[in-house]
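Trainee: I would like a close look at one part of this model, and a single connected account would suit me best. Please start with the overall picture.

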Amino acid sequence: MSVATARPHTDGIVALLTAGNVLVGRGKPPSGGGWADNPGTSTFTGYAVLYPFTGRDEAMSLAQVHDEFEFPFQITGVGATQQQAEGVMDLIRVALVGATPAVVGRIAYPVYQIPLDRPVTRDDAVAPPVHYGVAQFRFRSNPA
């Protein structure tokens, strides 16, 4: 039996997003994302923040062989405008849905989106306000 770990799965998702031209940070905004200089008057570079869950091993037989690992994660796409945040979310979906991440030592299966009915929202808690969208995804892997 091999117990899967979350970090290589997160690495695989970051690689897919990066290959899809999505600027992504792990649990925080990435370097180079957001306002270039003066907030509200400079250029805003849209970005994504990846929030991985810890995942879980699932028993695949009555013998309780925990080989299948399910890895859910959430991504927040941020933009200066609703349109920019929506564009970041579009890039995220194009990069991930149906793509198979590379996970060291594992055989991964394609990523799929989990239904989550949340609109792109304006965040007035920061000045100037930004907009963000949230989506959740998951995929599974087995030992190689």
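How much area does the protein chain expose, and what share of it do carbon and sulfur atoms supply? After that, please take the loop between helix 1 and strand 1: which residues is L23 in contact with, leaving aside its neighbours within four places in sequence?

Mentor: This is a predicted model, in which local features need pLDDT of at least 70 and side-chain atom pairs count only at pLDDT 80 or more, while totals for chains, interfaces and linings use all residues. Residues are numbered from 1 along each chain as its sequence is written, and side-chain values use heavy atoms, with hydrogens and water left out.

The protein chain exposes about 7800 Å², and carbon and sulfur atoms supply 55% of that area (Shrake-Rupley method, 1.4 Å probe; for residues, only the protein chains shown count as cover). Of its 144 residues, 40% are buried (under 20% relative accessible area; exposed is over 50%, partly exposed in between; 1.4 Å probe, protein chains only). The C-alpha trace spans about 60 × 25 × 25 Å along its principal axes. The chain has two helices and 10 strands (DSSP runs numbered from the N terminus: helices are H or I with at least four residues, strands are E with at least two). In sequence order they follow the pattern α-β-β-β-β-β-β-α-β-β-β-β. Of the contacts (heavy atoms within 4.5 Å) between residues at least 6 apart in sequence, 62% join residues at least 24 apart.

Now the loop. Helix 1 covers 6–19, and strand 1 covers 24–26. N21 sits in the loop between them. Its phi is near 60°, a positive value in a residue other than glycine. N21 counts as exposed because its relative accessible area is 68%.

L23 belongs to the loop between helix 1 and strand 1 as well. At 30% relative accessibility, L23 is classed as partly exposed. Beyond its neighbours within four places in sequence, L23 is in contact with P30, S31, G32 and G33, and also with T45, G46, Y47 and A48. For G46, the C-alpha to C-alpha distance to L23 is 7.4 Å, across 23 residues of sequence.

On the helix side of the loop, L17 is in contact with V22, V24, I75, I92, A95 and L96, again leaving aside neighbours within four places in sequence. L17 also belongs to the largest nonpolar core (buried Ala, Val, Leu, Ile, Met, Phe, Trp, Tyr and Cys residues joined through side-chain atoms within 4.5 Å). That core has 25 residues, and L17 is among the members that touch the most others, along with I13, F73, I75, I92 and L96. Two or more residues of the core come from each of helix 1, strand 4 (47–52), strand 6 (68–79), helix 2 (82–96) and strand 10 (130–143). Helix 2 gives the most, with five residues. A second, separate core has six residues, including V49, V78, A80 and V130.

One backbone feature lies in another loop. P128 is located between strand 9 (121–123) and strand 10. The peptide bond leading to P128 from A127 is cis, with omega near -10°.
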